[in-house]
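Hi,

Here's the structure I promised to pass along. Have a look, and my notes on what turned up are underneath.

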Amino acid sequence: MSRFDIPAEPDTLSVDLVRTAFIIIDMQRDFLEPGGFGAALGNDVSLLAAAIEPCRRMLAFARAGGMMVIHTREGHRPDLSDAPPAKVERGEPEKRIGAAGPMGRILIRGEAGHDIVPELAPQPGEPVIDKPGKGAFYQTELDLMLRNRRIETLFVAGVTTEVCVHTTVREANDRGYRCLVLSDACASYFPEFHEVGLRMIAAQGGIFGWVASTDAVLAALAA
Ligand code: C5J
(Lines give C-alpha, C1' and ligand atoms only; values in the text may rest on other atoms or scores of the structure.)
Protein backbone atom coordinates (compact mmCIF):
# COMPACT_ATOMS: atom_id res chain seq x y z
CA MET A 1 0.00 0.00 0.00
CA SER A 2 1.47 3.34 -1.00
CA ARG A 3 -1.37 5.77 -0.18
CA PHE A 4 -1.24 7.77 3.06
CA ASP A 5 -3.26 10.57 4.64
CA ILE A 6 -1.06 13.29 6.06
CA PRO A 7 -2.48 15.76 8.59
CA ALA A 8 -1.46 19.17 7.29
CA GLU A 9 -2.51 22.78 7.00
CA PRO A 10 -5.04 23.67 5.68
CA ASP A 11 -6.39 20.09 5.54
CA THR A 12 -5.40 16.45 5.25
CA LEU A 13 -3.38 15.63 2.16
CA SER A 14 -3.73 12.18 0.63
CA VAL A 15 -0.49 11.12 -1.08
CA ASP A 16 0.63 8.15 -3.13
CA LEU A 17 4.28 7.66 -2.20
CA VAL A 18 5.04 6.03 -5.55
CA ARG A 19 4.03 9.31 -7.17
CA THR A 20 5.80 11.53 -4.63
CA ALA A 21 9.26 13.08 -4.79
CA PHE A 22 11.26 14.70 -2.01
CA ILE A 23 12.95 17.85 -3.25
CA ILE A 24 15.58 19.58 -1.14
CA ILE A 25 16.21 23.16 -2.18
CA ASP A 26 19.66 24.77 -2.06
CA MET A 27 21.06 23.31 1.18
CA GLN A 28 24.42 24.70 0.11
CA ARG A 29 27.47 25.38 2.25
CA ASP A 30 27.55 29.06 1.29
CA PHE A 31 24.06 29.60 2.67
CA LEU A 32 24.35 27.38 5.76
CA GLU A 33 27.86 27.19 7.11
CA PRO A 34 29.67 29.59 9.42
CA GLY A 35 32.38 31.17 7.29
CA GLY A 36 30.25 31.06 4.15
CA PHE A 37 28.71 33.76 1.98
CA GLY A 38 25.48 33.98 4.03
CA ALA A 39 27.48 34.49 7.21
CA ALA A 40 29.71 37.06 5.48
CA LEU A 41 26.57 39.07 4.74
CA GLY A 42 25.94 39.24 8.49
CA ASN A 43 23.23 36.57 8.65
CA ASP A 44 22.76 34.19 11.57
CA VAL A 45 23.34 30.93 9.73
CA SER A 46 22.31 28.83 12.74
CA LEU A 47 18.72 29.68 11.76
CA LEU A 48 19.27 27.77 8.52
CA ALA A 49 21.31 24.97 10.09
CA ALA A 50 18.25 24.05 12.18
CA ALA A 51 16.67 22.67 8.99
CA ILE A 52 19.47 20.14 8.40
CA GLU A 53 18.34 17.50 10.89
CA PRO A 54 14.64 17.46 9.80
CA CYS A 55 15.85 17.27 6.17
CA ARG A 56 18.19 14.43 7.06
CA ARG A 57 15.36 12.46 8.73
CA MET A 58 13.02 12.90 5.77
CA LEU A 59 15.86 12.03 3.40
CA ALA A 60 16.60 8.82 5.31
CA PHE A 61 12.94 7.82 5.09
CA ALA A 62 12.73 8.66 1.39
CA ARG A 63 15.89 6.72 0.57
CA ALA A 64 14.80 3.70 2.60
CA GLY A 65 11.43 3.66 0.86
CA GLY A 66 12.78 4.19 -2.64
CA MET A 67 11.11 7.59 -3.10
CA MET A 68 12.46 9.86 -5.79
CA VAL A 69 14.91 12.31 -4.19
CA ILE A 70 16.01 15.51 -5.90
CA HIS A 71 18.57 18.06 -4.75
CA THR A 72 18.91 21.58 -6.11
CA ARG A 73 21.69 24.13 -6.04
CA GLU A 74 21.51 27.79 -6.95
CA GLY A 75 24.53 28.87 -8.98
CA HIS A 76 26.05 29.93 -12.24
CA ARG A 77 28.70 29.08 -14.79
CA PRO A 78 32.16 30.50 -14.02
CA ASP A 79 31.92 32.88 -16.99
CA LEU A 80 28.52 34.11 -15.70
CA SER A 81 27.03 33.59 -19.16
CA ASP A 82 23.86 32.17 -17.55
CA ALA A 83 23.58 34.94 -14.95
CA PRO A 84 21.36 37.88 -15.91
CA PRO A 85 23.14 41.20 -15.38
CA ALA A 86 20.12 42.36 -13.39
CA LYS A 87 20.87 39.57 -10.89
CA VAL A 88 24.64 40.03 -10.84
CA GLU A 89 24.63 43.80 -10.46
CA ARG A 90 22.88 43.83 -7.09
CA GLY A 91 24.50 44.61 -3.76
CA GLU A 92 28.00 45.70 -2.90
CA PRO A 93 30.50 44.74 -5.66
CA GLU A 94 32.61 42.54 -3.37
CA LYS A 95 29.52 40.54 -2.35
CA ARG A 96 28.05 39.97 -5.79
CA ILE A 97 27.62 36.71 -7.68
CA GLY A 98 31.04 35.70 -9.03
CA ALA A 99 33.03 37.77 -6.52
CA ALA A 100 35.61 36.02 -4.34
CA GLY A 101 33.85 34.78 -1.21
CA PRO A 102 35.08 32.94 1.88
CA MET A 103 34.42 29.53 0.23
CA GLY A 104 35.32 30.42 -3.33
CA ARG A 105 33.53 32.54 -5.90
CA ILE A 106 30.01 33.33 -4.73
CA LEU A 107 27.28 31.11 -6.25
CA ILE A 108 29.61 29.69 -8.89
CA ARG A 109 29.33 26.01 -9.81
CA GLY A 110 32.33 23.96 -8.77
CA GLU A 111 33.29 26.24 -5.87
CA ALA A 112 33.34 24.79 -2.35
CA GLY A 113 30.56 27.06 -1.12
CA HIS A 114 28.26 25.92 -3.94
CA ASP A 115 28.33 22.33 -2.65
CA ILE A 116 25.52 20.79 -0.65
CA VAL A 117 26.29 20.47 3.08
CA PRO A 118 27.90 17.10 3.85
CA GLU A 119 25.02 15.97 6.10
CA LEU A 120 22.71 15.98 3.06
CA ALA A 121 25.20 15.03 0.35
CA PRO A 122 23.49 13.50 -2.69
CA GLN A 123 23.93 9.79 -3.19
CA PRO A 124 24.83 8.32 -6.58
CA GLY A 125 21.73 8.27 -8.76
CA GLU A 126 19.98 11.16 -7.01
CA PRO A 127 19.49 14.02 -9.47
CA VAL A 128 21.09 17.34 -8.62
CA ILE A 129 19.41 20.23 -10.42
CA ASP A 130 21.72 23.18 -10.97
CA LYS A 131 19.41 26.14 -11.31
CA PRO A 132 20.28 29.66 -12.41
CA GLY A 133 17.20 31.18 -10.79
CA LYS A 134 15.34 31.04 -7.54
CA GLY A 135 12.74 28.56 -8.80
CA ALA A 136 13.83 24.98 -9.48
CA PHE A 137 11.71 24.77 -12.66
CA TYR A 138 13.11 27.84 -14.40
CA GLN A 139 15.54 26.80 -17.19
CA THR A 140 16.01 23.29 -15.78
CA GLU A 141 14.91 19.75 -16.68
CA LEU A 142 13.04 19.26 -13.41
CA ASP A 143 9.51 19.23 -14.85
CA LEU A 144 10.49 16.68 -17.51
CA MET A 145 12.15 14.45 -14.93
CA LEU A 146 9.12 14.55 -12.63
CA ARG A 147 6.65 13.87 -15.46
CA ASN A 148 8.71 10.94 -16.72
CA ARG A 149 8.37 9.40 -13.25
CA ARG A 150 4.65 10.35 -13.15
CA ILE A 151 5.22 12.33 -9.98
CA GLU A 152 2.12 14.14 -8.65
CA THR A 153 3.17 15.31 -5.18
CA LEU A 154 6.29 17.05 -3.95
CA PHE A 155 7.55 17.07 -0.39
CA VAL A 156 9.55 20.30 -0.29
CA ALA A 157 12.33 21.31 2.10
CA GLY A 158 15.34 23.61 2.05
CA VAL A 159 16.36 27.24 2.13
CA THR A 160 15.30 29.88 2.15
CA THR A 161 11.61 29.58 2.87
CA GLU A 162 10.51 32.87 1.34
CA VAL A 163 12.90 32.87 -1.62
CA CYS A 164 13.87 29.63 -3.39
CA VAL A 165 11.44 27.35 -1.55
CA HIS A 166 8.52 29.69 -2.16
CA THR A 167 9.41 30.33 -5.80
CA THR A 168 9.72 26.60 -6.46
CA VAL A 169 6.42 25.83 -4.73
CA ARG A 170 4.65 28.51 -6.76
CA GLU A 171 6.14 27.17 -9.99
CA ALA A 172 5.18 23.60 -9.06
CA ASN A 173 1.66 24.59 -8.06
CA ASP A 174 1.07 26.26 -11.42
CA ARG A 175 2.31 23.09 -13.15
CA GLY A 176 -0.23 20.95 -11.32
CA TYR A 177 1.88 19.37 -8.58
CA ARG A 178 0.63 19.12 -5.01
CA CYS A 179 3.29 20.57 -2.73
CA LEU A 180 3.64 19.64 0.92
CA VAL A 181 6.15 21.96 2.57
CA LEU A 182 7.94 20.55 5.61
CA SER A 183 7.80 23.47 8.00
CA ASP A 184 10.83 22.69 10.16
CA ALA A 185 12.91 21.36 7.24
CA CYS A 186 12.78 24.83 5.67
CA ALA A 187 14.38 27.93 7.12
CA SER A 188 15.09 31.60 6.58
CA TYR A 189 17.56 34.13 7.91
CA PHE A 190 14.42 36.08 8.87
CA PRO A 191 12.17 34.10 11.24
CA GLU A 192 9.20 36.33 10.49
CA PHE A 193 9.56 35.68 6.73
CA HIS A 194 9.69 31.94 7.44
CA GLU A 195 6.50 32.07 9.49
CA VAL A 196 4.60 34.27 7.08
CA GLY A 197 5.94 32.34 4.08
CA LEU A 198 4.50 29.12 5.46
CA ARG A 199 1.20 30.78 6.29
CA MET A 200 0.97 32.14 2.75
CA ILE A 201 1.28 28.64 1.30
CA ALA A 202 -1.58 27.18 3.33
CA ALA A 203 -3.82 30.27 3.35
CA GLN A 204 -7.05 30.49 1.36
CA GLY A 205 -7.65 26.75 1.40
CA GLY A 206 -4.04 25.96 0.44
CA ILE A 207 -3.51 28.49 -2.31
CA PHE A 208 0.01 27.20 -3.02
CA GLY A 209 -0.02 23.89 -1.15
CA TRP A 210 0.08 22.23 2.24
CA VAL A 211 2.30 22.62 5.30
CA ALA A 212 3.18 20.05 7.98
CA SER A 213 6.07 19.34 10.32
CA THR A 214 8.54 16.60 9.49
CA ASP A 215 7.42 14.69 12.60
CA ALA A 216 3.78 14.82 11.50
CA VAL A 217 4.67 13.59 8.02
CA LEU A 218 6.90 10.78 9.24
CA ALA A 219 4.33 9.69 11.84
CA ALA A 220 1.61 9.54 9.19
CA LEU A 221 3.86 7.58 6.84
CA ALA A 222 4.77 5.13 9.60
CA ALA A 223 1.12 4.46 10.41
C1 C5J B 1 17.83 30.79 -1.89
C2 C5J B 1 18.60 33.07 -1.93
N3 C5J B 1 18.24 29.56 -2.11
N4 C5J B 1 17.98 33.40 -0.80
N5 C5J B 1 18.62 31.79 -2.37
O6 C5J B 1 16.81 31.02 -1.26
O7 C5J B 1 19.19 33.90 -2.58
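C179 counts as buried, because its relative accessibility is 0%. This is a predicted model, by the way, so please read everything below as computed from that. C179 also has no bonding partner: the closest cysteine sulfur belongs to C186 and is 11 Å away, which is too far for a bond. A disulfide would need the two sulfur atoms within 2.5 Å. Searching the whole structure turns up 0 disulfides.

Another cysteine, C164, counts as buried too, because its relative accessibility is 4%. C164 is also one of the residues around the ligand, which brings me to the part you'll probably want to look at.

The ligand sits in the largest pocket. Around it you'll find D26, F31, E74, K134, V159, T160, V163 and C164. Sorted by class, that shell comes to 4 nonpolar, 1 polar and 3 charged residues.

Some polar contacts to check in your viewer:

- D26: one of its polar side-chain atoms is 2.7 Å from a nitrogen atom of the ligand.
- E74: an N or O atom in its side chain is 2.9 Å from a nitrogen atom of the ligand.
- K134: here the ligand contributes an oxygen atom, 3.0 Å from an N or O atom of the side chain.

As for how covered the ligand is, on its own it exposes 230 Å², and the protein buries 85% of that.

Cheers

Key. Residues numbered from 1 in each chain as written. Predicted model: local features only at pLDDT ≥ 70, side-chain atom pairs only at ≥ 80, totals over all residues. Heavy atoms only, no water. Near = heavy atom within 4 Å. Polar contact = N/O pair within 3.5 Å; in protein donor to acceptor, adjacent residues only side chain to side chain. Areas by Shrake-Rupley, 256 points an atom, 1.4 Å probe, with all protein chains shown as cover. 1 Å grid on protein atoms, 1.4 Å probe; cavity = no way out; pocket = protein on both sides within 12 Å on 5 of 7 lines; lining within 4 Å. Sits in = over half its atoms within 2 Å of the grid points. Nonpolar A, V, L, I, M, F, W, Y, C, P; charged D, E, K, R; others polar. Buried < 20%, exposed > 50% of the residue type's maximum accessible area, 1.4 Å probe, protein only.
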